[in-house]
Amino acid sequence: MSATTTYGPDSASLLDALAAAAEDQIVFDLPGIEDGYDTLVRELPGVAVRFAMKACPVDEVLALLARRGSGVDAASPIEVEQALRAGVPISRVHYGNTVKSDRNIADAFRLGITDFATDSLEDVRAVAEHAPGSRVFCRLATTGEGALWGLSNKYGCSPDDALAIMETARDLGLTPAGLSVHVGSQQMTSDAWNGAFDRIADVLTALAARGIFLDHVNLGGGLPALGYRDKHGRTLDPPMEKIFTVIREGMARLSALPGHDLGFVVEPGRYLIADHGAIRAHVSRLSARRRPDGKRQYWLYLSCGKFNGLYEMDQLQYRLVFPSHRGAESVPAVVAGPTCDSDDAFSHEDGLVPVPKELASGDPVWVMSSGAYATSYMTQGFNGFSPLPYTWIDGEAA
Ligand SMILES: Cc1ncc(COP(=O)(O)O)c(C=O)c1O
């Protein structure tokens, strides 16, 4: 990122909105999301953005991004419908889920979708039958190494499979339009992108030898949030400048390959949202109990947890701010949600979280950089703990 950018988490307006919130809620900072979008298109000139709406299926966010020129990556007909209602033009909706039933394909096609991701012969044949004449993007598998969430096994095919899939697509009257990858979510290395470009280049070359020429490469998601701590409590500091440089160089390399005339797409989810959403929660209880080994262990129970906003506690120790106890003496605690479920706790084998010693039930807690996958992974009200409502800061308020 350029030295002049101010892009990042914890904007002053987000902190103000958290301070003003008297009840639990998720706050989205729309100007912050806008800033992230502008940074992305500045860093990757000419790239089309298809926001992975699963990361934040919130109408105000979708509408804002649509106004900026973004489209969406949708994973189901219901997501397609929501995107259309929010003002995303159908021409900018990509159906990026390789997993779909015949009915999903037919419903999406009826809604106007003609761009589908695929990764198997079975799926591409179904697309040919239920969405005739559509354009298909074949998703190549990646290792997922270097990412917090690898996504490597469930999706994507080998280069050999990709050739067979694209030949079949052509033979069945579809347009073999593109290749897709996903380097894994919260990808912390630039090497992963280099590896993906190598693989894409090999497949593009092999396709050209078969007379198949593509018009797009979809680089998927994986761009990291900036404000995370991992499950050991270590600050994650992704090499953004290097990542963007490697992506720009990779696109130039692919563009130089003979035969194809390529445009590029990215499908960020986390990068656009995580740092521009935060949760205002409160302390349920700070307690201390003796463990069976005789050691005293502090537990901080919050009003929200894995099942109502903080689903990603498997990999993250979300950053916490205790606005009524700044600079206070702290104790090391396991942080957990309010439900009667033992999974509802930050990972803590290797690092407890320092929390103010004098916390009392009801004290406000801010959970920073928690915007991504928060609303979408929320349960209906597991154990009677309601899904958090959301609010947003708009441009005028900011
Ligand atoms: C097809 C596809 N594109 C994009 C994304 C967004 O990924 P991220 O949030 O890492 O940017 C996902 C997430 O799982 C995905 O499955």
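This passage walks through two annotated domains, one helix and the ligand surroundings of a predicted model.

Let's start with the domains. According to the unreviewed UniProt entry, residues 37-274 carry the annotation "domain: Orn/DAP/Arg decarboxylase 2 N-terminal". In the model, that span is 41% helix and 17% strand, and the C-alpha atoms at its two ends sit 13 Å apart. The same kind of record, again an unreviewed entry, puts "domain: Orn/DAP/Arg decarboxylase 2 C-terminal" at residues 288-371. Here the make-up is 0% helix and 35% strand, with 30 Å between the end C-alpha atoms.

Now for a look at a single helix, α3, which runs over residues 59-68. Its buried residues are V61, L62, L64 and L65. Viewed down the axis of α3, these buried residues fall within an arc of 165°, so they line one face of the helix. And what covers them? Among the elements covering the buried residues of α3 are the strands β1 (25-29), β2 (48-52) and β3 (71-74), along with the helices α2 (30-43) and α4 (77-85). Just past the end of α3 comes G69, whose phi is positive, at about 110°.

Finally, there is the ligand. It is surrounded by 16 residues, and the closest of these are A52, S185, G221, G269 and R270. As for chemical character, the shell around the ligand is a mix: six of its residues are nonpolar, seven are polar and three are charged.

Terms used:
Residues are numbered from 1 along each chain as its sequence is written. This is a predicted model: local features need pLDDT of at least 70, side-chain atom pairs count only at pLDDT 80 or more; totals for chains, interfaces and linings use all residues. A residue is near a molecule or strand if its C-beta atom, placed from the backbone, lies within 6 Å of it. Ala, Val, Leu, Ile, Met, Phe, Trp, Tyr, Cys and Pro count as nonpolar, Asp, Glu, Lys and Arg as charged, and the others, Gly among them, as polar. UniProt positions are given in the numbering used here, feature names are shortened, and annotations may be inferred rather than shown by experiment. Helices (H or I, at least four residues) and strands (E, at least two) are DSSP runs, numbered from the N terminus. A residue is buried if 20 or more other C-beta atoms lie within 10 Å of its own, exposed if 12 or fewer, and partly exposed in between; C-beta atoms are placed from the backbone. The arc is that of the directions from the helix axis to the C-beta atoms. Two residues are in contact if their C-beta atoms, placed from the backbone, lie within 7 Å.
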